[in-house]
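User: Could you take a close look at one part of this protein with me? I'd like a friendly walk through a single spot and what surrounds it.

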Amino acid sequence: MAFVTQDYQFHYRLIGDRRQPIILILHGFMGSCDDFSAVIAGLEGYCCLVVDLPGHGQTEVKHDANYQMSNLAQALITLLVTLGIERCWLWGYSLGGRIALYLTIYFPQYFQGVILESASPGLKTQPERDRRIKQDLQLAKQLESGGLSQFIHQWYQNPLFASFVQHPHYQQALTNRLNNNSFKLAKSLRWLGLGMQPSLWSFLYNIEIPVVLIVGALDIKFITINQKIYSLCPQATLNIVKNSGHNVHFEQPSTMIKLLAQIIN
């Protein structure tokens, strides 16, 4: 389905009975609505709203500035309002988790709680953000010049994704990634990358809705980040999932299904 505004044409799917608890689900970089199929198929008694983020899948953005997190967050709230969803659960993975945390801080009235999978509140200092912006601009240029297949191969050489690459369903995930457009992904890196995101660390203490942190036991970098979030956010609980790296819902879907059921019930 499509939701069209002056600046966005969101592609989304609403799966399940709307009378059941609703979960808004936001994917990671190079992902799409299809990323959560295995988990959604195993969820009973829930309605899932999955959205292709700008630069990904079938969503179209009319102006580059509308890739920015502040504009995107407002547009996602407009989508909820238009669909008549007053309050729902929010689940974001990686890039989607950063957006989900932003939504939690600035639009808490729309959410019963938030599930942050392998997410970060951003970089704390301007020099850190400047360095990351420079890195993302270089990656964007590689996407535009070298093509998507070459970029994906290089991207998943990162040790962060070691267990993801070794997963028996990795080739299927790779096929889904190749459905994206390299030039649109480059815009996502330029406008929605970690360096462009405002730091959200100072807001963690004031969050008043439940925050559920989920991270893979093999993902040492994000365990450290999420332990810091847990120490600063009174509403947070921390779940470390065995035998999983960065992409928990892909690597351990059955565990993710059980966790979601426990959290939302």
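Which residues does Ser244 touch, not counting residues up to four places away in sequence?

Analyst: Happy to help. This is a predicted model, in which local features need pLDDT of at least 70, side-chain atom pairs count only at pLDDT 80 or more, and totals for chains, interfaces and linings use all residues. Residues are numbered from 1 along each chain as its sequence is written, and side-chain values use heavy atoms, with hydrogens and water left out.

Ser244 touches Ser163, Gly216, Ala217, Leu218, Asp219, Glu251 and Gln252, once residues up to four places away in sequence are set aside; contact means heavy atoms within 4.5 Å. Ser244 sits in the loop between strand S9 (236-241) and helix H10 (248-251). Helices (H or I, at least four residues) and strands (E, at least two) are DSSP runs, numbered from the N terminus. Ser244 counts as buried because its relative accessibility is 0%; buried means under 20% relative accessible area, exposed over 50%, and partly exposed in between (1.4 Å probe, protein chains only).

For the wider setting, the largest nonpolar core has 95 residues, and Ile99, Leu103 and Phe111 have the most contacts inside it. Helix H2 (residues 69-82) gives the most to this core, with eight residues. Such a core is a set of buried Ala, Val, Leu, Ile, Met, Phe, Trp, Tyr and Cys residues joined through side-chain atoms within 4.5 Å. Leaving aside neighbours within four places in sequence, Ile99 is in contact with Leu26, Leu53, Met69, Leu72, Leu76 and Leu192.
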